[in-house]
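The following report concerns a helix pair, a set of charged side-chain pairings and the confidence of the model that contains them. The structure comes first, and the account follows it.

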Amino acid sequence: MARLPRFVLPGVPQHVIQRGNNRQQILFKEEDYWFLWEKIGSAAEKFDCKIHAYVLMPNHFHLVLTPFSQDGIGKLMQYVGRYYVQYFNNCYDRTGTLWEGRYRATLFDPAAFLVPISQYVESNPVRAGLVAAPADYAWSSFAANATGAEDRLITPHAAFERQGRSPKTRQTAYLKGFGKPPDEALLNRIRDATNKAWVLGDPEFCTHIEKQADRRASPRPRGGDRRSAAYREATGRA
């Protein structure tokens, strides 16, 4: 069966993941991280995307970004993938593929999910056991978003700036999210939507995206009384 096109709506952010093939390591030395970081920044400028959060992990990377053209993210990922594979294969005397197929992505409602997804991304090194705290990891947007450190990759999203009137207030509000125990239900929802390419948002937001894309934006409800009016309405069979 042909793969459905990804949900893309210019001006609406997405969470994107690209993994190494079979989860193999794609970043070894500091020069690798710098090369990938530089290519991501160049591609974002070239293809009119704004990056709001990121993390470069040893065997994958995450981006939270807003495209301003229909094919902006696709071209960005193609550009980054092509140049990094050439660099990596030359450095490590290898040939062949590096990536685990197509990148995975979810379009999401920034009002509800921009901040939680950014914090999820920047906490990835902690969950992986690489560091004790997000601030201890050099290759993420944590320093930019939480402390205001300069990072040319990062453009704050309006949803981030609504956390407070001043940079200090916004940074303080953002940091509070890292002091709470992780919400496992939220983490699972982010992972599930990204891995399955569903839209992440409330029913109203998903309905809006469905009208734009002319297809379902979220999975159909499971179970329930298939003869009930509520079930038929929820599944579009009323």
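In this predicted model, helices α3 and α8 are roughly perpendicular to each other, because their axes cross at roughly 90°, an angle that falls in the range of 65 to 115 degrees used for that term. Helix α3 spans residues 110–122 and helix α8 residues 184–196, and their axes come within 11 Å. On the α3 side the contact is made by Phe-113, Pro-116, Ile-117 and Tyr-120, while α8 contributes Leu-186, Leu-187, Arg-189, Ile-190 and Arg-191. Sorted by residue class, this contact comprises seven nonpolar residues and two charged ones, with no polar residue.

Turning to the charged pairs, side chains of opposite charge can pair when their charged atoms come close. The count of salt bridges in the model comes to five, among them the three tabulated here with their N to O distances.

| Acidic residue | Basic residue | N to O distance |
|---|---|---|
| Glu-38 | Arg-152 | 2.9 Å |
| Glu-45 | Arg-152 | 3.1 Å |
| Asp-192 | Lys-196 | 3.0 Å |

Glu-38, Glu-45 and Arg-152 are linked in a network of salt bridges. Glu-38 belongs to helix α1 (residues 30–46), whereas Arg-152 sits in the loop between α5 (142–147) and α6 (158–161), so that this pair links distant parts of the chain, 114 residues apart. Glu-45 also lies in helix α1, and its pairing with Arg-152 therefore ties together parts that are 107 residues apart in sequence. As for solvent accessibility within this network, Glu-38 counts as partly exposed at 34% relative accessibility, Arg-152 is partly exposed with a relative accessible area of 38%, and Glu-45 is exposed, with a relative accessible area of 61%.

The salt bridge between Asp-192 and Lys-196 is set within a single helix, since both residues lie in α8, four residues apart, which is about one turn of the helix. Asp-192 counts as partly exposed at 35% relative accessibility, and Lys-196 is likewise partly exposed, with a relative accessible area of 48%.

Finally, the confidence of the prediction should be kept in view. The mean pLDDT of the chain is 90, and 90% of its residues reach 70 or more. Over residues 224–228, however, pLDDT stays under 50, and the model has six contacts beyond four places in sequence for this stretch. Residues 233–238 also have a pLDDT below 50, with nine contacts in the model beyond near neighbours in sequence.

Conventions: Residues are numbered from 1 along each chain as its sequence is written. This is a predicted model: local features need pLDDT of at least 70, side-chain atom pairs count only at pLDDT 80 or more; totals for chains, interfaces and linings use all residues. Side-chain values use heavy atoms; hydrogens and water are left out. pLDDT is the predictor's confidence in each residue, from 0 to 100. Contact means heavy atoms within 4.5 Å. Axes are lines fitted to C-alpha atoms, for helices over the stretch in contact, and angles run from 0 to 180 degrees between N-to-C directions. Helices (H or I, at least four residues) and strands (E, at least two) are DSSP runs, numbered from the N terminus. Angles under 35 degrees count as roughly parallel, over 145 as roughly antiparallel, 65 to 115 as roughly perpendicular and the rest as oblique. Ala, Val, Leu, Ile, Met, Phe, Trp, Tyr, Cys and Pro count as nonpolar, Asp, Glu, Lys and Arg as charged, and the others, Gly among them, as polar. A salt bridge is a side-chain nitrogen of Lys or Arg within 4 Å of a carboxyl oxygen of Asp or Glu. Buried means under 20% relative accessible area, exposed over 50%, partly exposed in between (1.4 Å probe, protein chains only).
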